[in-house]
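Colleague: I am new to this structure and would like a close look at a single part, the largest pocket. Could you take me through its lining and then show me what else belongs to the same picture?

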Amino acid sequence: MALYLLELAVDFYIFCDARYYTKRKNKQFLPLSEHPLSPVWITVYIAAACLILLTVTILLPRRGEGSISHIVWLLYIFVSIFAAKLFYIIGSAIGRIPQIFRRKRLDTGIYVGLTLAVLALFTMTWGATVGRRHIHVNEVTVESPRLPAAFSGYRIVQISDLHVDTWGSDPGFINKLVAEVNALHPDLIVFTGDIVSRSTPEIYPFVGALSKLNAPDGVFSVLGNHDYGDYKDWPSGEAHKLNNLDLIDIEENRLGWRMLNNEHVLLSRGNDTIALIGVENWGEPPFKQYGKLTESYPSDNQGRIHDGRYKILLSHNPMHWHEEVRKTSDIDLTLSGHTHAMQMQFSLGGFRWSPSQYRYPEWSGLYRSPNPFGGESLLYVNIGAGEVAMPARLGTAFPEITLFTLQKK
């Protein structure tokens with residue numbers, strides 16, 4: 001109801017502006033019935049269409065096994081138009097400022113508002129058509145004196161947050177992503193969670209594409225918060241949900257991936273080794289913290305992980321690094337995803353802004369912190385390749401592939 005009232009309030013404001021504009025242009029208010037294509041009637045048509053669109057979106061069923069992508073797209077269309085209206089009001093309101101001082105309103109405000117509305121609508125449309133398909137490869141060099149010399153030059157590719165239901169049953173984008181990953185010729189490929197959004201069967205149309213990921217040391221993955229089935233109402237409750245979780249392990253094995261559930265493996269080059277550690281999702285309330293760092297790698301009697309071996313951790317949520325990893329271990333590099341940069345990021349030179357920064361201390365890119373053992377703990381947050389809720393990526397929040405090159409310092 002609140003959303004309807006807000007929509008009506010916005011439409012009424014724009015309707016009043018249209019009436020004002022026609023009066024200024026024609027020196028009088030014109031009868032609405034005589035001008036079906038006048039600005040006034042156009043605002044009425046748009047308002048009615050938005051209210052119908054919102055109603056249909058709310059009434060469409062969300063339960064069952066089917067995809068909800070059609071609902072997401074309808075909602076995005078509504079939000080795009082609504083955002084354009086809000087930007088129009090901002091411009092228009094600027095023109096009304098002189099009225100505070102009992103002076104004449106500036107008509108310029110209407111034209112500024114219309115310009116802002118067009119820019120907003122263009123940005124939303126571009127993000128849903130171009131931005132979400134424009135894959136960006138970020139290359140990062142990670143130096144450490146703890147890295148064995150045999151691993152200097154070692155190449156790791158990270159992908160994250162595929163949310164394959166983003167693409168329905170069309171594997172075109174995923175095929176493109178896989179081809180770009182393989183073209184980087186990595187030694188190791190890691191996936192840091194959220195392969196699906198609601199349930200494991202979303203993977204099925206993409207098995208052929210994802211099974212083509214190839215690296216000499218293999219493909220390793222961890223679970224993200226969406227992989228547990230917490231975003232779906234299960235007909236048989238917890239049992240069905242647990243079966244879904246077992247199925248995701250089976251399907252990733254079918255892809256040729258190795259899932260690390262609170263465990264680790266050693267990667268070898270000659271006589272040298274580094275550790276690759278994977279934890280389940282370290283959730284924040286109301287979600288459970290399945291990730292158990294001390295079960296994944298040997299720790300001391302105080303629950304701290306530290307030895308002479310270079311270690312890489314895969315942990316979906318960067319808050320795990322912020323709250324635990326950097327404070328209780330000498331893990332050298334943590335790779336995370338989860339934030340998506342809220343699929344909205346604007347960059348210019350060294351400036352970056354995203355609404356995600358108000359929710360996560362570390363939301364995109366490389367971060368550093370000292371650890372309790374005299375070393376440095378690094379975190380990299382990959383903003384993912386798929387989408388949730390909003391079928392778009394705005395500004396520079398492009399689907400990301402990250403290529404790490406390890407170097408002996």
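Modeller: What follows goes through the largest pocket, then a second pocket and a surface patch. Please keep in mind that this is a predicted model. The largest pocket has a volume of about 520 Å³, and of the 19 residues lining this pocket, those closest to its centre are I14, T43, I46, Y88 and L114. Four helices, α1 (2-26), α2 (39-59), α3 (69-100) and α4 (108-129), each contribute at least two residues to the lining, and the largest share, 6 residues, is supplied by α4. When the lining of the largest pocket is divided by residue kind, 15 residues are nonpolar, 1 is polar and 3 are charged.

The second largest pocket holds about 320 Å³ of space, and its lining consists of 17 residues, with I68, V72, D165, V388 and A389 lying nearest the centre. Here the lining divides into 8 nonpolar, 5 polar and 4 charged residues.

Turning from the pockets to the surface, one finds a nonpolar patch of about 630 Å², made by F87, I90, I94, I97, I100 and F101. One of these residues, I90, has its place in helix α3, which is also among the helices that supply at least two residues of the lining of the largest pocket. I90 counts as partly exposed because its relative accessibility is 46%, a value that falls between the 20% below which a residue is called buried and the 50% above which a residue is called exposed.

Terms used:
Residues are numbered from 1 along each chain as its sequence is written. This is a predicted model: local features need pLDDT of at least 70, side-chain atom pairs count only at pLDDT 80 or more; totals for chains, interfaces and linings use all residues. Side-chain values use heavy atoms; hydrogens and water are left out. On a 1 Å grid over the protein atoms alone, a cavity is a set of points where a 1.4 Å probe fits but cannot get out, and a pocket is an open set with protein on both sides within 12 Å along at least five of seven lines; lining residues have an atom within 4 Å of a point. Grid points are joined across faces, edges and corners, and a volume is the space filled by probe spheres set on the points. Ala, Val, Leu, Ile, Met, Phe, Trp, Tyr, Cys and Pro count as nonpolar, Asp, Glu, Lys and Arg as charged, and the others, Gly among them, as polar. Patches are made of residues with over 30% relative accessible area and no salt bridge: like charges are joined within 9 Å, nonpolar side chains (Val, Leu, Ile, Met, Phe, Trp, Tyr) within 5 Å. Accessible areas come from the Shrake-Rupley method with a 1.4 Å probe; for residues, only the protein chains shown count as cover. A salt bridge is a side-chain nitrogen of Lys or Arg within 4 Å of a carboxyl oxygen of Asp or Glu. Buried means under 20% relative accessible area, exposed over 50%, partly exposed in between (1.4 Å probe, protein chains only).
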